[in-house]
Structures are given as C-alpha cells and as structure tokens.
Amino acid sequence: MSRYATYGSLDDRIDQAGDVGFVGFNNRLRPDQLQAGMLADAQNIRMDRNGQAQVRRGVDLVNAPLSVGPNAMTIPFFILDATKTTNSTAVSSGELLLNFESAHTLAAGTTAQVKLSGLSGVVPTSADGRYTATVVDTDTIKLTDKTYTNAASGNVTVEIPTLDDTAVNNIYGSTDFSDPNNASSQYIVLGSNAKAVGIDIANGTTFDIGYPSSLTITQGVDMIQAFNKVFIFRAGNTALENDLKISTISAAALASNVVTVTTSASHNLSSGDKITISNLTGSDLDPTPNGSFTISGLGAADGSDTATKFRFALTGGDTTFTVTSNPIVATDFTKVSSGTYTQPVQISSTVTTSAGKMTVVAGSAHNLSTGDKVIVEDKAGSNLANGEEYIVTVVDSTNFTIFVQHANESNTPNVIFQQRVSVGLGFTHMPAPPFATYHQRRLVMPFQFSVDASSDSFTTRNIQDEIIASDILDTDTYDQVYAQYRFNAGTSDFVVGLHSFAEDRLLVFNRNSIHIVSNTTDLKTASTQVLTDEVGCVARKSIEQVGNQVIFLSDNGVYGTQFLDE
C-alpha cells in the first residue's frame, strides 16, 4: 500500500489502522489466563507493541464553544430600511421608549441591534453607540438595558446597523502561559485581530488582554513565553511583549471619578501599567469599568493596601460595582523598543561602601537593568580597582548597588563605570522577526530586517539565511556580527526553523540543509557546522524532539536526526 495520499510525499501520510500488539478476543477464559494481546472486553483501548493495554489518547475540551468575547459580531434578522428619527421619547417602568416619526420595518416582539445618537439628557447617562432594542410595535422600540428615570431631552436618531470591522474575526496565533506569580496557574493566550484573549485552563474563564491603541493584527503571528513574558512576533512589524500579570478581582468601587479595584491576591502591578478588566457584571455598571485603562496609583485613596489595590480614572457617579463571574484584570501588550539604539556610555558617579555593599549614585540616568554588567573605568579615589567587573542591582533611574570586597568608604566622587559595549557593529533592538526560540537564556531569531532610526520602521535586508541572538536575559539587545550567523550564504537556501538542543547546541533547519551552532554562552567563541546538506525542513511546526532524536518533515517524508552519547 502506498505510504502517502494521491499527490506526493508532502501530502498526508496514510494512517494504517490496527493495534500492533492485538492478538484476539477470548471472553470464556478468566482474565488471568489470557496471553498478552488477548482481550475479553475493550472500550477505548489499544494494544501496544508488547501487548499491554493502553487507553487511547483523546482531546481535552477546554472551552466549548471557544469564544473570544460575547457577541463579537451580531447580525439581526430584521434591520431598518432607512435611518429613523424619533418625534418623542418617554420612560415607562424604567424602560426608555423611542417613538419614530414614521413606521419602521422591524417585527414586533423581536430584538434588533441599533445604533443610537442624540441620547443627551437620558438618566442614567448613556453614550451614543450600539444597543440591543426590543420592538414594541410598528413605530416604537424600547431599551431595557438599564433602569431609566429620565428620557432624552431631544430627538434621537436610530441608524441602520452596520458591520463592525473592529470586532474579533480571526485568531492568528496562540501560546501557553504559566504565571510566575502563581505556581498553580496555566493559561492559553490567543492572538486575534483586535485583542488577545486568555483562557484559564483550570476553570475555563476567559478574559481580554489589550493591544496597544489602534493596533490590529492582519496576518499570522508566532507567540511564545520567554523570560516570564509573552511575545507576539509579527514579521516585518514591531513585536509585542507582555510581562503578563493576571489577578482575580474581589471588589471594585467608583468614587470622585476614580475606580479603586481590590484583587484577591497580590496583583504585582505598577503605577502607569496599562491593564484590561473583564467580566465585571451587574446592574450598576454605569459607567462600565470593563475595558482598557491606565493605572493612576496603587493602594486606596490614602495609599494603603498597595499590594492588593490599585486605581484608575473613570468619569461617572459614585457606585459600588457587583463582582461575579470571575472578573479578571490583566496587563496589556506593549510594543518592544525600536528605532535608534542608545549605545552604552560611561557613568560618572559617587560611591559609598558599607559591609561589602557599594551604593552608586550616578550623575544622570544610568539606563541599566538589574543583572547588567559594569566595568570600573576610572576608580578615582575609591578602593576599587580599574578593570574590575560587577553585576548591578538597580534601585532607581540614577542609583544602583554592587557587592565588593573592599574597605568601607563614604561619598567618593568621580568614579567612572563603563557599561558592556558591543564586540561587533554595535547593539540593535529586536529586528522584527517572524518567529524566535528560547536558547541558553537568549532569544534566537531570523535576521531578515534591520531596525531603522525612527520607531516602528524596518528595512528588509534581502537575506533569508541568517539568524541573530539576543544578549543573555535581555530581549532588547542584539550584538551585530558576533551574535549573528549566516548559513550557505548566497545559495538557494533559507532558514525554516530553529530548535534548542542539549549541550548548548542550536539546530538550524534550512530549506535544503541542517546546521548546528555550538557554545552560544560566549558569542565570541560560538561556532557553526553543517550537519547535512542533503536534506532540509519544509515546515517549522513539524520540528519536534523525541528523546535523543529531533524529527521533522522533509521533501521525502518524516526524517529524524539522532544524537548519540560519546
């Protein structure tokens, strides 16, 4: 029998049904008298190679049906034939009645999606926009979404419904996520066109994760979790990152145009973070606290309980919101840095040492991150020695600390530290890759685009067979030349996929060849070698490791590279 379907070796391989260890059925003998591979009764069972019974693998149903938001797009069965204007509005039993000047074409007793404008004077306040209306009769519809106490002060325009192109209409990528602040958490993050959506695997709760303002995704993306962040890679466009923090809301209240939110556990948020709130429900959501906001401060109004409370601005009357249905707060995605990279500069500072800990006060912003390395360029009158290297812990924008083995001293000025400098052609920001993989505390990715001087601008390098690696534990710093590797330059070959393997080996799968990059801990000593130029990979997602083998799909079917112990 042919191994493949009709058209060729790249088509689906024919699955040969049958259990390799199955011998037969015998329901007359006792189970302990049956030989291996014999069955007395079987449901959802297969026989493995050694005749051992195994439960057939199934599919875990996480959320059914999978939805990225209620009413992402609703098309009513009945729509208006033209824009209508009311000649009067009224309130009856808390319902807002809209009386048209002429008859409409909506069927009585049905509901329809309508767009309303001119709702000034309505109490409680209602913004112009889309509403679900109930049809009363041939010239009247009503709103029942709130308990209204006052009708509109003027005419209300009811427009013909239109399709909302900003609603969710496609999912372009996904990844799993484990929250480092919660040891028992596990989520699936979906990247749609208008927003990301998180799914808590434990209980099926879904919640929104916002994108930067006015950003939509229109093409397939690659998503991974690395360095406790979720990345969305968009080929040729600025990648998105999210130091994703997820918390369950236990209380929320609006007072003096500020919402104070209380979380059930420490939220780990910071003032200025952009967040999205989902699933707050109840009859008192006017105005609604669901949506994207920027945190204006931590703690209550008096600054207390900063670990479990935060605040954001929202214009509206004082109210306490109902908290049901697992309301969630999650940080939004932001764009990674782009544009001209600020190269490392010397840091002139004043130092103080006490009990082996040196506090460094820089004369201006040091632009360091915790874990960065600095070198003593000029010890001045301090107890340091020129050329010594230290790992910094950042205190704030102008202060950091290091640990030293020198005598105590106080306020020694003019000490100069040098940040680590590029060993190649200078550092650059993340070069808008189509995908990346985590390897040896670095992100490794195709180097197809160069980063322009202006933000969010990239230029294609017209090179498809080169990769570049980030600095250790730094996804924003890429050392050109020494951190980039090119394979089969100038030939009909290009990078298809990457796979991190044991003993500091990175497998690079090209379309027509396979390569190995070794010793990436120190990029200056890293080396490359050709594993084979007789076979390549045709699909990045087909690369999988099984034991000491890495299998992948090639032109001639599934191949495997096997690594043996020396």
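What volume does the largest cavity have? About 50 Å³. The views below come from a predicted model.

**View 1. The largest cavity and its lining.**
The count comes to one cavity of 30 Å³ or more. The volume of the largest cavity is about 50 Å³. Eleven residues line this cavity, and V444, A469, Y485, L506 and T520 are the closest to its centre. Strands β36 (442–446) and β39 each supply at least two lining residues. The largest share, three residues, comes from β39. By class, the lining of the largest cavity holds eight nonpolar, two polar and one charged residues.

**View 2. The second largest pocket.**
This pocket has a volume of about 1,300 Å³. Its lining counts 43 residues. Nearest its centre lie D372, R420, D471, I472 and D474. At least two lining residues come from each of β39 (466–471) and β40 (474–479). Strand β40 gives the largest share, five residues. The class split for the second largest pocket is 15 nonpolar, 14 polar and 14 charged residues. Strand β39 also appears in View 1, where it contributes three residues to the lining of the largest cavity.

**View 3. Strand β27 and its two faces.**
In a regular strand the side chains alternate between the two faces of the sheet. Strand β27 covers residues 346–354, and its side chains alternate. I347, S349, V351 and T353 point to one face and are buried. Q346, S348, T350, T352 and S354 point to the other face and are not buried.

**View 4. The partners of β27.**
Strand β27 pairs with β33 (residues 409–419) in the antiparallel sense, over six bridges. In that pairing, Q346 stands opposite Q418 of β33. Strand β27 also pairs with β28 (residues 357–362), again antiparallel and over six bridges. Here V351 has V360 of β28 as its bridge partner. V351 is one of the buried residues of β27. Two residues lie between the strands in the hairpin of β27 and β28. A355, in this hairpin, takes a positive phi near 55°.

**View 5. A four-strand open sheet.**
The strand order is β11-β12-β13-β14, with antiparallel pairing. Which strands stand at the edges? They are β11 (171–177) and β14 (206–209). Each has a single partner strand, so one side of each is left without a neighbour in the sheet. Neighbouring strands of this sheet are turned by 25° against each other on average, direction ignored. Strand β13 (residues 196–200) pairs with β14 over four bridges, in the antiparallel sense. Within this pair, A196 stands opposite I209 of β14.

**View 6. A three-strand open sheet.**
Three strands run in the order β46-β47-β48, and the pairing is antiparallel. The edge positions belong to β46 (544–546) and β48 (557–562). Each of these has a single partner strand, so one side of each lacks a neighbour in the sheet. From one strand to the next, the twist averages 35°. Three bridges join β46 to β47 (residues 549–554), in the antiparallel sense. Q545 stands opposite V550 in β47.

**View 7. N242, buried or exposed?**
N242 lies in strand β17 (residues 237–242). With a relative accessible area of 2%, N242 is buried, because buried means under 20%. Not counting residues up to four places away in sequence, N242 touches I209, N228, K229, V230, T331, D332 and F333. One of these contacts, I209, is the residue of β14 that A196 faces in View 5.

**View 8. A313 in strand β23.**
Strand β23 spans residues 309–313 and includes A313. Why does A313 count as exposed? Its relative accessibility is 53%, and exposed means over 50%. Leaving out residues up to four places away in sequence, A313 touches N257, F293 and S296. A313 and F293 are 20 residues apart in sequence. In space they are 7.8 Å apart, C-alpha to C-alpha.

Note on methods. Residues numbered from 1 in each chain as written. Predicted model: local features only at pLDDT ≥ 70, side-chain atom pairs only at ≥ 80, totals over all residues. Heavy atoms only, no water. Buried < 20%, exposed > 50% of the residue type's maximum accessible area, 1.4 Å probe, protein only. Pairing = 2+ DSSP bridges. 1 Å grid on protein atoms, 1.4 Å probe; cavity = no way out; pocket = protein on both sides within 12 Å on 5 of 7 lines; lining within 4 Å. Points joined across faces, edges and corners; volume = space filled by probe spheres on them. Nonpolar A, V, L, I, M, F, W, Y, C, P; charged D, E, K, R; others polar. Contact = heavy atoms within 4.5 Å. Axes fitted to C-alpha atoms, helices over the stretch in contact; angles between N-to-C directions.
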